[in-house]
Amino acid sequence: MKPVSFLGDSLEALRAFPAAARQRAGYELDRVQRGLDPGDWKPMPTVGRGVREIRVRDASGAFRVIYLATLGDTVYVLHCFRKKSARTSRSDIALAAARFKQLERDGR
């Protein structure tokens, strides 16, 4: 099972999700740690190669966890946030992309 590394404030952001969304996101990350695909995901090539987005929906809204699981033996959570519109905001994509680039620079 791969360990999870939360970059920046992504763990704090995940902990701020409502309980049901936080539990679902944790379940989906557990699947990723075990080498399985999450139940609802999409690739995020605008962030970086191999980056994916877990999509979580519940009664309180839509939530996203952007992660990378193809670099080494770790699942890197780049960004967690509540989605407020149909398209992912440029600032959310830019933050995840900056964290992805930092991973590449650090040679992880």
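How much area does the protein expose, and what percentage of it do carbon and sulfur atoms supply? The protein exposes about 6,100 Å², and carbon and sulfur atoms supply 50% of this area; accessible areas come from the Shrake-Rupley method with a 1.4 Å probe, and for residues only the protein chains shown count as cover. The structure is a predicted model, in which local features need pLDDT of at least 70 and side-chain atom pairs count only at pLDDT 80 or more, whereas totals for chains, interfaces and linings use all residues. Residues are numbered from 1 along each chain as its sequence is written, and side-chain values use heavy atoms, with hydrogens and water left out.

Three helices and five strands are present in the protein, where helices (H or I, at least four residues) and strands (E, at least two) are DSSP runs numbered from the N terminus. Along the sequence these elements follow the pattern β-α-α-β-β-β-β-α. The C-alpha trace spans about 40 × 30 × 25 Å along its principal axes. For 108 residues, a compact globule would have a radius of gyration near 13 Å, and the value of 13 Å for the protein agrees with this; the radius is taken over C-alpha atoms, and the globule rule is 2.2 Å times the number of residues to the power 0.38.

Of the 108 residues, 40% are buried, that is, under 20% relative accessible area (exposed is over 50%, partly exposed in between; 1.4 Å probe, protein chains only). A nonpolar core is a set of buried Ala, Val, Leu, Ile, Met, Phe, Trp, Tyr and Cys residues joined through side-chain atoms within 4.5 Å. The largest such core has 16 residues, of which L14, F17, L29, I54, V65 and C80 touch the most other members. At least two residues of this core are supplied by each of α1 (10-15), α2 (19-33), β3 (51-58), β4 (61-68) and β5 (75-83). The largest share, four residues, comes from α2. A second, separate core of 13 residues includes M44, V51, L68 and Y76.

V65 belongs to strand β4 and counts as buried because its relative accessibility is 0%. Contact means heavy atoms within 4.5 Å. Not counting residues up to four places away in sequence, V65 touches ten residues' worth of partners listed as L14, F17, A25, L29, R52, E53, I54, V77, H79 and C80. The C-alpha atoms of V65 and C80 are separated by 4.5 Å, although these residues are 15 apart along the chain. With the same exclusion of residues up to four places away, C80 touches S10, A13, L14, F17, R64 and V65.
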